[in-house]
Amino acid sequence: QPSVVISPYQTGPILHSRIVDHYLQASPMDIDQLLQTLDQIDRDYPEAEKLIFGSDDCYVELLVEHRHRFTEKWQVPYVERETYDQVTVKSSFYELCQQMGVSYPRTSILNSDNRRFSLGFPVIVKPAQTPDYQTLRFEGKQKVYICYDEQEASEKIALIYKNGYSGELIVQEYIQGDDQTLGIVTAYVAKKDRQLKLLSYSNVLVDDPTPSAIGNSLAGIVRREPEIEESVKKLLAASDFYGFATFDVKYDQARDEYVFFELNGRLGSSNYYVTASGNNVARYYVEDFIFNREIAESTTAEDILYTVLPKPLLLHMVAKGELN
């Protein structure tokens, strides 16, 4: 069976593809339109068991919210709404880190009525509820804001609330360090037994500098990082999470330890590094959700270089010594 992509238009990776069937949906966030599209796919592939994935937080939240409206032919490989909010809403995630003794940046949580904080500068300003912010469009919008003084922070906070965001804002200390102090952790917990089956780490070499895409890795070295493993296990076990989780971490030289920024309850945009290093992510989904089989814990992974950049550009952006 081919893979199926539902989108409002055909982008480069699927344009003229011979292995992907494209279903046009003008408004992907319209649940009624989506259900009509899924009905058509059911008619086209009546015998197939199906898994449905969201390519970003907005779509995943849509699937989590409306999973009860899908037919039994569709498997939604994400946790229930209460658990999803606990781990993906940043303010709740930091509460979980606090409870589990996992390091995270010093943080203040603001809302539209309370915009004061007492952290030293520079600070990072970002929304606590990513999906609510993601759908907004306005001039000057960034995924996160680095602010170097009180006036700049006040202006960015006002800009965000002025343009329709109504949730909590996170203001936190800026952790010093270049791209190569960043890390991505991909973990899989089986729904069947709630046991951790996979933990894969990529040491970022180049982070996307685009304001709307900060936090997306463009290149990284896949290796083992024992220092983060216990923290990941504690956070996942405490939240009763299952499926794929992606953590963003950074090594803080001042603390001499890794700090955790967030957990995404889905695969990240650079998730192919997991498959390329020897652990095909598709197999975990299919074995767990379609076949309901026991999944063996992965104990091996190849050390590889993952990059979406041309080699000359990668070598230009990263000192040669960092690649050895």
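Is Cys 58 buried or exposed? In this predicted model, Cys 58 is buried, because its relative accessible area is 7% and the cut-off for burial is under 20%.

**View 1. Two cysteines are shown in a structure that holds zero disulfides.** Cys 58 has a relative accessible area of 7%. Cys 97 is likewise buried, with a relative accessible area of 0%.

**View 2. An open sheet is formed by six strands.** The strand order is β13-β12-β9-β10-β11-β14, and the pairing is antiparallel. The edges are β13 (257–264) and β14 (304–307), each of which pairs on one side only. On average, and with direction ignored, neighbouring strands of this sheet are turned by 30° against each other. Seven bridges join β12 (residues 243–252) to β13 in the antiparallel sense. Tyr 251 has Tyr 258, in β13, as its bridge partner.

**View 3. Helices α7 and α9 pack on the sheet.** Helix α7 (residues 226–239) touches β9 (182–189), β10 (196–207), β12 and β13, and its direction makes about 40° with that of β13. Helix α9 (residues 281–290) touches β9, β10 and β12, and its direction makes about 25° with that of β9.

**View 4. Helix α9 is shown with its buried residues and its two ends.** The buried residues of α9 are Val 281, Tyr 284, Tyr 285, Glu 287, Asp 288 and Phe 289. These residues pack against β3 (50–51), β4 (74–75), β9, β10, β12 and α8 (272–276). At the N-terminal end, Asn 280 caps the helix through a side-chain oxygen that lies 2.9 Å from the backbone nitrogen of Ala 282. After α9 comes Asn 292, with a positive phi near 55°.

**View 5. Aromatic pairs are shown, of which the whole structure contains 16.** Tyr 133 and Tyr 165 form an edge-to-face pair, 5.9 Å centre to centre with 85° between the planes. Tyr 133 belongs to helix α5 (residues 130–134) and Tyr 165 to the loop between α6 (150–162) and β8 (169–173), so the pair ties together parts that are 32 residues apart in sequence. Both Tyr 133 and Tyr 165 are buried. Tyr 242 and Phe 289 form a tilted pair, 6.3 Å centre to centre with 45° between the planes. Because Tyr 242 lies in the loop between α7 and β12 and Phe 289 in helix α9, this pair ties together parts that are 47 residues apart in sequence. Tyr 242 counts as buried at 1% relative accessibility, as does Phe 289 at 7%.

**View 6. Ring pairs link aromatic residues into a cluster.** The cluster consists of Phe 53, Tyr 188, Phe 244, Tyr 284 and Tyr 285. Tyr 284 and Tyr 285 are among the buried residues of α9.

Note on methods: Residues numbered from 1 in each chain as written. Predicted model: local features only at pLDDT ≥ 70, side-chain atom pairs only at ≥ 80, totals over all residues. Heavy atoms only, no water. Pairing = 2+ DSSP bridges. Helix = DSSP H or I, 4+ residues; strand = E, 2+ residues; numbered from the N terminus. Axes fitted to C-alpha atoms, helices over the stretch in contact; angles between N-to-C directions. Contact = heavy atoms within 4.5 Å. Disulfide = S-S within 2.5 Å. Buried < 20%, exposed > 50% of the residue type's maximum accessible area, 1.4 Å probe, protein only. Polar contact = N/O pair within 3.5 Å; in protein donor to acceptor, adjacent residues only side chain to side chain. Phe/Tyr/Trp six-rings, centres within 6.5 Å; stacked < 30°, edge-to-face > 60°.
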